[in-house]
Amino acid sequence: MKNGLILFFGVFLALALSWAGLLLAAQQQLGSLGQFKDPVEETINPQPMSGVAHEGLLVYQDLGCVTCHTQQVRREGFGADLARKWGTRGGYARDYIRDQTVLFGSSRLGPDLRNAGSADLHAGVDAEYFYRLLYAPQSVAPGTNMPAYPFLFDVHPTAGRQPSDYAVKITGKAAPPAGYEVVPTARARELVAYLLSLKDTYDYPIEKSRNAPAETPKEGGH
């Protein structure tokens, strides 16, 4: 019994030290990552998230968007993410340093959103597009299985009041009755600001060189 207790604590200590080693190694490798200043353009990357976008992150979490959307772009050779135009490069650990809660996700019932705000990848995708997508998904993406979020909008008459600068142009079956307009609420504007902030377009030189495939020596070379 005495030897059994010693053996138990020995195994426990070995496992504890192993886990501690893994955590400390990860912390040493990733915990010290900071923003990178481009030596030529003198820009800071990743750029800090605005206050409105951060509020939109909370809306994104509250609505459970991570259930159907990921935010992780796999490198070439590990999937078709780049071919699907979900990013111009694979993701780096540094991309996520501004996120207190990293929303990797695990299910892709909808497209990956890590670069939802990139104009280079999604021409014509702007705030208006996202408002229409949230209010009436079928109006911009026929056949989509994305649910509508009408509670993020106010539908009110235009008579006797100044038209809203944020009024969304909805056509087709989802269009409001004549004399009414669809206006995004503060939560909708915050969520869209967050989506537009998602764009990992800067390719860090240090990460690019680290992930470059090794050159294969030529036969007969010196």
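In this predicted model, the side chains of D95 and R89 are joined by a polar contact of 3.0 Å. D95 lies in the loop between α2 (51–62) and α3 (127–135), and with a relative accessible area of 1% this aspartate is buried. Once the neighbours within four places in sequence are set aside, the residues in contact with D95 are P46, R89, R114, D200 and Y204, so that R89 appears both among these contacts and as the partner in the polar contact.

The protein chain as a whole contains five helices and four strands, which follow one another from the N terminus in the order α-β-β-α-α-β-β-α-α. Of its 222 residues, 29% are buried, and the accessible surface amounts to about 14,600 Å², with 58% of that area belonging to carbon and sulfur atoms. Among contacts with a separation of 6 or more, 67% are made by residues 24 or more positions apart.

The largest nonpolar core comprises 28 residues, and those with the most contacts inside it are Y60, L63, L152, F153, L191, Y194 and L195. Two or more residues are given to this core by each of the elements α2, α3 and α4 (186–197). For F153, one of the residues with the most contacts inside the core, the contacts beyond four places in sequence are with Y131, L134, Y135, V168, V182, V183, P184, T185 and A188.

Strand β3 (residues 153–157) pairs with β4 in the antiparallel sense, over five bridges, and within this pairing H156 has E181 of β4 as its bridge partner. Strand β4, which spans residues 180–184, is mostly covered, four of its five residues being buried.

Helix α3 contributes F130, Y131, L133, L134 and Y135 as its buried residues, and the elements that cover them include β3, β4 and α4. At the start of this helix, a side-chain oxygen of D126 comes to within 3.3 Å of the backbone nitrogen of E128. L134, which is found in α3, has a relative accessibility of 6% and therefore counts as buried, the limit being under 20%. Apart from neighbours within four places in sequence, L134 is in contact with M146, A148, Y149, P150, F153, L191 and V192; two of these residues, F153 and L191, are also listed among those with the most contacts inside the largest nonpolar core. The C-alpha atoms of L134 and Y149 are separated by 5.4 Å, although the two residues are 15 residues apart along the chain.

With regard to the cysteines, the count of disulfides comes to zero. The closest cysteine sulfur to that of C65 is in C68, at 8.5 Å, and because a disulfide requires sulfur atoms within 2.5 Å, this separation is too far for a bond. The relation also holds when taken from the other side, since the cysteine sulfur closest to that of C68 is in C65, again at 8.5 Å. The two residues fall into separate accessibility classes: C65, at 13% relative accessibility, counts as buried, whereas C68, with a relative accessible area of 28%, is partly exposed.

Note on methods:
Residues numbered from 1 in each chain as written. Predicted model: local features only at pLDDT ≥ 70, side-chain atom pairs only at ≥ 80, totals over all residues. Heavy atoms only, no water. Buried < 20%, exposed > 50% of the residue type's maximum accessible area, 1.4 Å probe, protein only. Polar contact = N/O pair within 3.5 Å; in protein donor to acceptor, adjacent residues only side chain to side chain. Contact = heavy atoms within 4.5 Å. Pairing = 2+ DSSP bridges. Core = buried A, V, L, I, M, F, W, Y, C linked by side-chain atoms within 4.5 Å. Areas by Shrake-Rupley, 256 points an atom, 1.4 Å probe, with all protein chains shown as cover.
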